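The report below reads a single protein chain through its charged pairs, its nonpolar interior and a few backbone details. The sequence and structure come before the discussion.

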Amino acid sequence: MGKFVLKTTATGYKFDLKAGNGEVIATSEVYTTEAACLNGIDSVRRCSVGEIEDLTAENPEKVKHPKYEIYLDKSEEYRFRLKAKNGEIIATSEGYKSLDGCKNGIASVKKNAPEAPVEKAE
């Protein structure tokens, strides 16, 4: 089972969503307060059901928020960002070598996020 790991940074708080195997599936921006970070986690839980908009496709089909956007980064790796109902980015992925790998990452968020407990990093 996956989990959210809440971390303190030099400038605030952030979270990582980790799969059952410990791999980071998605990470957040840095929030100024722990409460705001916990609200971000709740937003990921609620929005994890979103559909996929593949911006790497020739004619990407537009999808309503909340949604996952798949895109290519500067290194030509596939990444996704989860956007909330208001269009704000609430979680981003690591880079994937393949589109299928990126889609598997999204499937893992959909599976793990809704019920994932929150742990504080040591």
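In this predicted model, Lys67 and Glu53 form a salt bridge in which the closest N and O atoms are 2.7 Å apart. Because Lys67 belongs to strand β5 and Glu53 to strand β4, the pair ties together parts that are 14 residues apart in sequence. Glu53 is buried, with a relative accessible area of 1%, and Lys67, at 5% relative accessibility, counts as buried as well. The cut-off applied here is a relative accessible area under 20% for a buried residue and over 50% for an exposed one.

The surroundings of Lys67 can be described further. Lys67 lies in strand β5, which covers residues 67-72, and a polar atom of the Lys67 side chain is found 3.2 Å from the backbone oxygen of Val63. When neighbours within four places in sequence are left aside, Lys67 is in contact with Gly50, Glu51, Glu53, Arg81, Leu82 and Lys83.

Glu53 has another charged partner, since the side chains of Lys62 and Glu53 also meet in a salt bridge, at 3.7 Å from N to O. Lys62, at 66% relative accessibility, counts as exposed, whereas Glu53 is buried. A further salt bridge is formed by Arg81 and Glu69, with the closest N and O atoms 2.7 Å apart. This pair links distant parts of the chain, with Arg81 in strand β6 and Glu69 in strand β5, twelve residues apart. Glu69 is buried, with a relative accessible area of 6%. Through shared partners, salt bridges join Glu53, Lys62, Lys67, Glu69, Arg81 and Lys83 into one network. In the whole structure, a search finds twelve salt bridges.

The three pairs discussed above are set out here.

| Basic residue | Acidic residue | N to O distance |
|---|---|---|
| Lys67 | Glu53 | 2.7 Å |
| Lys62 | Glu53 | 3.7 Å |
| Arg81 | Glu69 | 2.7 Å |

The loop between β4 and β5 deserves a separate description. Lys64 lies in this loop, which follows β4 (51-54) and leads to β5, and Lys64 is exposed, with a relative accessible area of 73%. From C-alpha to C-alpha, Lys64 and Ile52 are 9.4 Å apart in space, although they are twelve residues apart in sequence. Pro66 lies in the loop between β4 and β5 too, and the peptide bond from His65 to Pro66 is cis, with omega near -5°. Another backbone detail occurs in the loop between β5 and β6, where Glu76 is placed: phi of Glu76 is near 65°, a positive value in a residue other than glycine. Glu76 is exposed, with a relative accessible area of 56%. Both details stand out because most residues other than glycine have a negative phi, and most peptide bonds are trans.

Turning to the nonpolar interior, the largest nonpolar core has 26 residues, and those with the most contacts inside it are Phe4, Phe15, Leu17, Val44, Phe80, Leu82 and Val109. At least two residues of this core are supplied by each of β1 (3-9), β2 (12-18), β3 (24-27), α1 (34-47), β5, β6 (78-83), β7 (89-92) and α2 (99-112). The largest share, four residues, comes from α1. Phe15, when residues up to four places away in sequence are not counted, touches Phe4, Val5, Leu6, Ala26, Thr27, Ser28, Tyr31, Cys37, Gly40, Ile41, Val44 and Ile90.

Helix α2 has 14 residues and reaches 20 Å from its first C-alpha to its last, close to the 20 Å expected at 1.5 Å a residue. Within α2, the residues Gly101, Cys102, Gly105, Ile106, Ser108, Val109 and Asn112 are buried. These buried residues cover an arc of only 155° around the axis, which puts them on the same side of α2. Asp100, Asn104 and Lys111 are exposed on the other side of α2. The buried residues of α2 pack against β2, β3, β4, β5 and β6, and among the strands in that list are β4 and β5, which hold Glu53 and Lys67 respectively.

Note on methods:
Residues numbered from 1 in each chain as written. Predicted model: local features only at pLDDT ≥ 70, side-chain atom pairs only at ≥ 80, totals over all residues. Heavy atoms only, no water. Polar contact = N/O pair within 3.5 Å; in protein donor to acceptor, adjacent residues only side chain to side chain. Contact = heavy atoms within 4.5 Å. Buried < 20%, exposed > 50% of the residue type's maximum accessible area, 1.4 Å probe, protein only. Core = buried A, V, L, I, M, F, W, Y, C linked by side-chain atoms within 4.5 Å. Salt bridge = Lys/Arg side-chain N within 4 Å of Asp/Glu carboxyl O. Expected span 1.5 Å × (residues − 1). Arc of directions from axis to C-beta.
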